[in-house]
Amino acid sequence: MHQLFRLVLGQKDLSRAGDLFSLDDSEIEDSLTEALEQIKIISSSSDYQTNNNDQAVVEICITRITTAIRETESIEKHAKALVGLWDSCLEHSLRPSGRDEDPPHAKIASDIMSCILQNYNRPPVMALAIPIAVRFLHRGSRELRRSLSNYLCLAAIAKAELLAEHTEVIVRSILQGNTMLLRVLPAVCEEQPQPIHRHLTGLLALMPQLEQPEQYHLLRLLHVAARRRQVEVVQKCVPFLIRHLKDATHNDVILNILTEISGYKPAALDSFLPRLKEIGERFPGLIGQLARIYGAVGLVDEERARSCLLYLVSQLASTEHSSHHVLLLEIRRITEAFSGILGPQSRDIFRMSNSFTTIAGLLSQQLETSRAGSGRKTSTENGFPEKPGEAKLLGPGNEDQDKLQVKIQAFEDKKLAEGSAPGSIRRHSLGQVSKEERKNIRFNRNSSASHPSILHIAPEDLPEMVKEDFQEETSETTRSPVEYQDKLYLHLKENLGKVKAYATEIARKIPVPDQCTIEDTVRSCVAKLFFTCSLKGHYCLYSKSSFILISQEPQPWIQIMLLFQQSLFPEPLSIQSRSVQFLRALWEKTQAGATHSFETAMTESTFPQQKDLDQVQLHLEEVRFFDVFGFSEAAGAWQCFMCNNPERASVINQDGQPLIEGKLKEKQVRWKFIKRWKTRYFTLAGNQLLFQKGKSKDDPEDAPLELSKVQSVKAVAKKRRDRSLPRAFEIFTDNKTYVFKAKDEKNAEEWLQCLSVAVAQAKERENREVTTYL
């Protein structure tokens, strides 16, 4: 042990304890384990709780030891001694005294806990610490248990299996009021579901008294349990979930859980369909999720199929366009499973009109016909009257049924005639396709274009009848005069397969903007691109705002948007298509004197040049786009960091808890010709970046930097980085630029991503507050 440690701890010399901070960390690192063991002996003495001198010596020494361990990153070397000292605190009183002061051993436990559990991502350390940590859940002050719970939540994210064997203790602690630990349960449920299932009723009873983030984690637990297909869990969950559907904060999450359950136990939801219908009327935006539940229940038997079809068809006529594809898919699933309800004519009904309202009307009439005729003699093949004349026996609805039969017959006759006369085949005009696009594309008169969230749906995910609705049979030999002159249409038709494959691949690497505006600048024009998250989950970074990118090279982006737009349709787009017209308007605004036409550019080169794509991707990296967005393979779309990492959202959103902290060097500029670096300790927490002195986290030196005032965060440009700033990054505000240097490239990247996420979150929170105020 170092001589100074031996003097201070051996003789309990408080006057020399401060000298420990004059020693370099590396000079005392080898002595730390011995020093911890000596502290354990001192703190276990019978008079320690009343000996103020010994308590002061121990506190100073522990502070010096934990600082040295952090700076030398030697936690694994000294973990056993640290955990041993921490464990010894359990042998003493940890409850606050009457003066509301923590007893001496509670202070030791708090300091040691922070040092150990900050290393939650190091499994060897956690393997030693977790068995001791869970014993503290029922000991000590409320603040000690709160801090411990925070660290256990982080440990559950990094290595859930280490906590799994202690699930029973964790659940009991939650039921006793330590509700923060609800964040742990979704992670350990996969490993140890039995203790959770035993106490599920008690956990559900906590819902009314929980804060919103804790409610979210309880629902996440139910989602994990629902995926495990435990019958007893489903029986307890469903009534609870239905009761809480009225809460607009969580109803989308709840419906996701119910949809999961409906996939393997649809009968459990049958009696709750009237309640779900009420929720749909109150929250129209949930119709898509409700349709999947109705579709699953409708597959149970024919009686349920008929009642569910009536609801789905009624919604088809009244809901907004974005839900139509889901409704049609569920209707098709039910009618294919129970073909006797509509008969084979159902396929023709879907193809007789481009209007969803008309399709809904025809389906409603056919359902009425089927229901009215269910007691009569019907054809064994399709459920229709054997003789057309029998339709006259249906009573008051006679005339409508006759019209429906006439329409179906006329459609079949036309199909038959087309089969014998190929030259007269009718094709769906591209103008008709544009009718649906027109409903979903906002057009900014300042030369901008955008596409809705529905466009994120890949064509192969669309229901079969929607595909058919877009692709009536096309004659290879007969085309309209417009087609002969439409170079873009002919070019896309020739390369349609390649375009679809290319767009699918490139969409995983480069995001497609939701909106694009061309703006004039002094020298040229730029593209202002807006990106939003496709999921817009509970903690979404971009539910009320957009990530905005200013590109000096608009043309590659316009070509990417065209290719993506084409990939959504089974038919080649025409220059007359509304979405193409938007992109054409953008292109023409970028061309001075219209030297290079849109059609020529798009047909001469089907795909962007690789160098242009590389430049686009490099630009996205430079503006730190990939810090806050990532492509989700599961969703098939780009989602923000929070929506892609829901397990980390609650940690990031926990008030006062640091997202990242540590030492950075800040560039100090006194005069233009004198520059130096100053080491400080930084903490990124909540909406602030705190500046603190170099070797201690105490006494903030400067006012914190408000993240809502940060304009951007960037790595230092490569040409500067090569010279003298290999690990540096910059923070730009309205009136100041901060330059920081991390210990290595990896640490710099960690800071950059955490700062980018925190800045986006601060601005999103500010946008929500403004929206609420307005």
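A salt bridge here is a side-chain nitrogen of Lys or Arg within 4 Å of a carboxyl oxygen of Asp or Glu. By that criterion, a search of the whole structure, a predicted model, returns 26 salt bridges. The close-up views below show several of these, together with a helix pair, an arginine and its contacts, and the cysteines.

**View 1. Helix α6 packs alongside helix α8.**
Helix α6 covers residues 75-88, and helix α8 covers residues 123-133. Their axes come within 9 Å and cross at roughly 5°. That makes α6 roughly parallel to α8, since angles under 35 degrees count as roughly parallel. On the α6 side, the contact is made by I75, E76, A79, K80, V83, W86 and D87. On the α8 side, P124, V125, L128, A129, I132 and A133 meet them. By class, the contact holds 10 nonpolar residues, no polar ones and 3 charged ones.

**View 2. E168 and R198 form a salt bridge between two helices.**
The side chains of E168 and R198 meet with an N to O distance of 2.6 Å. E168 sits in helix α11 (residues 167-175) and R198 in helix α13 (residues 193-198), so the salt bridge ties together parts that are 30 residues apart in sequence. How accessible is E168? E168 has 24% relative accessibility and counts as partly exposed. R198, at 55%, counts as exposed.

**View 3. R275 and E278 pair within one helix.**
Both residues belong to helix α18 (residues 273-282). They are 3 residues apart, about one turn of the helix. The closest N and O atoms of this salt bridge are 3.1 Å apart. E278 is partly exposed, with a relative accessible area of 45%. R275 also counts as partly exposed, at 27% relative accessibility.

**View 4. R508 and E633 link two loops.**
This salt bridge has an N to O distance of 3.4 Å. The pair joins distant parts of the chain, 125 residues apart. R508 lies in the loop between α29 (496-506) and β3 (515-520). E633 lies in the loop between β6 (629-632) and β7 (637-640). At 35% relative accessibility, R508 counts as partly exposed. E633, at 55%, counts as exposed. Elsewhere, salt bridges that share partners join E29, D30 and K77 into one network.

**View 5. R584 and its contacts from helix α31.**
Helix α31 spans residues 578-590 and includes R584. R584 is partly exposed, with a relative accessible area of 22%. Which residues does R584 touch, not counting those up to four places away in sequence? They are I575, F598 and E599. The C-alpha atoms of R584 and S597 are separated by 8.7 Å. Along the chain, R584 and S597 are 13 residues apart.

**View 6. Cysteines without disulfides.**
A disulfide is a covalent bond between the sulfur atoms of two cysteines. How many disulfides does a search of the whole structure find? The search finds 0. C189 illustrates the result. The closest cysteine sulfur to that of C189 belongs to C237 and is 9.9 Å away, too far for a bond. The cut-off for a disulfide is a pair of sulfur atoms within 2.5 Å. C189 counts as buried, at 0% relative accessibility. C525 is buried as well, with a relative accessible area of 9%.

Methods: Residues numbered from 1 in each chain as written. Predicted model: local features only at pLDDT ≥ 70, side-chain atom pairs only at ≥ 80, totals over all residues. Heavy atoms only, no water. Axes fitted to C-alpha atoms, helices over the stretch in contact; angles between N-to-C directions. Helix = DSSP H or I, 4+ residues; strand = E, 2+ residues; numbered from the N terminus. Parallel < 35°, antiparallel > 145°, perpendicular 65-115°, else oblique. Contact = heavy atoms within 4.5 Å. Nonpolar A, V, L, I, M, F, W, Y, C, P; charged D, E, K, R; others polar. Buried < 20%, exposed > 50% of the residue type's maximum accessible area, 1.4 Å probe, protein only.
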